[in-house]
Each structure stands twice: as C-alpha cells, then as structure tokens.
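Open the model in your viewer and keep the sequence panel beside it. The tour goes stop by stop, with a selection to make at each.

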Amino acid sequence: MAKLNLVVKQRVAYKVTTKRKHSDAVADNLLNQNFNPIAPNQIWAGDVTYLKTGEGWMYLAVVMDLYSRRIVGWHIDKRMTTDLVMKAMIKAYNLRKPAKGLVFLSDRGSQYTSKRYRNLLKQFGMRASMGDVGACWDNAVVERFFGSLKHDWLLKVAQPTREHMRNDVAGYMKYYNLERLHSANNDQSPVEYENSLRKVSGWS
C-alpha cells in the first residue's frame with residue numbers, strides 16, 4: 001500500500017461515555033432493539049456524542065423519531081450536562097407535541113437518569129426505556145446517525161472553532177432531514193417520508 005501511496009483511514013472505535021450516579025433510577029429496556037414503530041411519535045431515541053474542535057470539545061445531544069429517522073430535536077454545547085439533553089428534548093416536544101405514552105430510548109448516562117430529566121419525561125407524558133451500559137447496539141440507529149455525521153460530513157473539513165462546529169452541525173441537520181435518502185424510508189429523506197404519510201393517512 002505504501003508503494004501505491006494509499007492511506008487507510010480508520011473509524012474511531014466506539015467509546016463508552018455513559019456514567020451514571022448509582023443513586024439515579026434506571027428504566028427497563030422496553031424495546032429490546034425493536035427500532036421500527038408503525039407510526040410517528042411512538043418511539044423516540046436520544047444520545048450524546050462528543051465533537052473535537054481547535055478550541056476544545058463540544059457535545060451534541062439529539063432526539064430522533066425512529067419511524068422516519070428524522071432528528072426532531074438537538075442541542076450542542078461545550079459541556080455535557082443534564083441541561084444539554086433537556087434542551088434537545090424540549091425542542092423535540094415543542095416541534096411535535098406528541099400524545100402521551102411515547103417511549104423514549106436512551107442509554108444509562110447520568111444526564112438521562114437524573115431526577116430532572118425523568119421529571120421532564122413525566123411532564124411530557126413519556127415513558128423511558130434504557131439500554132445496557134456500553135451496548136451501543138441497543139441504540140444502533142442513533143449511533144449510525146452519529147457515524148454518518150462525523151465521517152460523511154464533519155471530518156471532511158477542519159473544525160477550528162466551536163462556532164464553526166456549531167454551524168457545520170446545523171448544516172448537516174438540515175441536509176440529513178431534508179435530503180439524505182434512507183433505505184428504511186423507501187429511499188426518501190425523513191421529511192419526505194413523513195410528508196408522504198400525511199398524504200396517505202392524514203397524519204399531522
């Protein structure tokens with residue numbers, strides 16, 4: 001490979017960032033890797049990933065509707081706190097206004113097991129479902145989203161500042177929801193797939 005001037009670019013190995021306070025409550029895993037709800041606003045999934053810039057780390061929290069794979073809420077900050085995941089969820093709730101009973105899947109990180117976050121889910125009428133510690137496949141759809149975000153978008157350009165990263169992430173969210181095609185969506189983008197459902201079923 002050296003003779004051909006080829007360079008192998010390896011993906012960064014999965015890194016466990018989940019840390020839970022033992023005093024916090026852990027919800028049961030209600031899904032067991034069933035990521036295919038039959039309608040929107042039945043199952044959402046969320047997670048946090050870390051993003052490196054020239055000024056230091058940033059942390060991105062997302063909320064995805066597993067029906068269409070649409071990112072319905074997200075927030076980015078330089079600190080990984082409970083406020084980070086709460087702001088992503090509040091944005092998602094304000095956008096969708098789902099009926100009570102929605103299941104929200106996450107890992108067992110302290111942000112998601114905290115009393116403040118559990119109270120927020122209760123306020124919104126949502127049920128928590130949590131995967132096992134270190135089991136990235138329990139939230140595989142969101143993990144794949146993070147992989148695409150980093151390797152198809154963010155790592156292709158330098159990220160010198162946190163503001164640059166914030167703007168680049170915002171650009172990807174727009175591209176992902178409006179343009180990126182998904183085989184699970186009959187080769188439509190998340191928004192296109194949801195719009196086609198509205199035409200068929202009158203969902204709103």
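Start with one residue: is Ala-184 buried, partly exposed or exposed? Select Ala-184 and show the surface. Ala-184 is partly exposed, because its relative accessible area is 44%. One caution before moving on: this is a predicted model.

**Stop 1: around Ala-184**

Ala-184 sits in the loop between α5 (162–178) and α6 (190–201). Now add Arg-69 to the selection. Along the sequence, Ala-184 and Arg-69 are 115 residues apart. In space, their C-alpha atoms are 8.5 Å apart. Ala-184 is also in contact with Arg-69, and with Tyr-193, once neighbours within four places in sequence are left aside.

**Stop 2: the second largest pocket**

Keep Ala-184 and Arg-69 on screen. Both belong to the lining of the second largest pocket. Select the rest of that lining: Met-64, Val-141, Arg-144, Phe-145, Ser-148, Tyr-176, Arg-180, Leu-181, His-182 and Ser-183. The pocket holds about 200 Å³ of space.

Which helix gives the largest share of this lining? Colour helix α4 (residues 140–152) to see it: α4 supplies 4 residues. Next, colour the lining by residue class. You should get 6 nonpolar, 3 polar and 3 charged residues.

**Stop 3: the whole chain**

Zoom out and switch to cartoon. The protein has 6 helices and 5 strands. Trace them from the N terminus: the order is β-β-β-α-β-α-α-β-α-α-α. Of the 204 residues, 48% count as buried.

Turn on a contact map if your viewer has one. Take the contacts between residues at least 6 apart in sequence; 64% of them join residues at least 24 apart. Then display the accessible surface. The total comes to about 11,300 Å², and carbon and sulfur atoms account for 51% of that area.

**Stop 4: helix α3**

Select residues 115–123, which form helix α3. Show side chains. Tyr-117, Leu-120 and Leu-121 are buried here. They cover an arc of only 95 degrees around the axis, so they lie on the same side of α3. Rotate to the other side of the helix. There, Lys-115, Lys-122 and Gln-123 are exposed.

What do the buried residues of α3 pack against? Show α1 (82–96), β4, α2 and β5 (127–130); these are the packing partners.

Now pick Leu-121 in helix α3. Leu-121 counts as buried because its relative accessible area is 4%, under the 20% cut-off. Leaving aside neighbours within four places in sequence, select its contacts: Met-89, Phe-104, Met-126 and Ala-128. Draw a C-alpha distance to Val-103 as well. Leu-121 and Val-103 are 9.5 Å apart in space and 18 residues apart in sequence.

Step just past the helix. Gly-125 follows α3 and has a positive phi, near 75 degrees.

**Stop 5: two more positive phi values**

Most residues other than glycine have a negative phi. Two residues to select next go the other way.

Select Asn-41, in the segment before β1 (43–53). Its phi is positive, near 60 degrees, and it is not a glycine. Asn-41 counts as buried because its relative accessibility is 13%.

Then select Lys-97, in the loop between α1 and β4. Lys-97 has a positive phi of about 50 degrees, although it is not a glycine. Is Lys-97 buried or exposed? Lys-97 counts as exposed, because its relative accessibility is 51%, and the cut-off is over 50%.

**Stop 6: two loops to finish**

Go to Gly-109, in the loop between β4 (103–106) and α2 (110–113). Gly-109 is buried, because its relative accessible area is 3%. Add Val-26 to the selection. The two residues are 83 apart along the chain, with 9.4 Å between their C-alpha atoms.

Last, select Lys-78, in the loop between β3 (70–77) and α1. Which residues does Lys-78 contact, leaving aside neighbours within four places in sequence? Show Trp-57, Met-58, Tyr-59 and Arg-162. Finish with a distance label from Lys-78 to Trp-57. They are 21 residues apart along the chain, and their C-alpha atoms are separated by 6.2 Å.

Conventions
Residues numbered from 1 in each chain as written. Predicted model: local features only at pLDDT ≥ 70, side-chain atom pairs only at ≥ 80, totals over all residues. Heavy atoms only, no water. 1 Å grid on protein atoms, 1.4 Å probe; cavity = no way out; pocket = protein on both sides within 12 Å on 5 of 7 lines; lining within 4 Å. Points joined across faces, edges and corners; volume = space filled by probe spheres on them. Nonpolar A, V, L, I, M, F, W, Y, C, P; charged D, E, K, R; others polar. Buried < 20%, exposed > 50% of the residue type's maximum accessible area, 1.4 Å probe, protein only. Arc of directions from axis to C-beta. Contact = heavy atoms within 4.5 Å. Areas by Shrake-Rupley, 256 points an atom, 1.4 Å probe, with all protein chains shown as cover.
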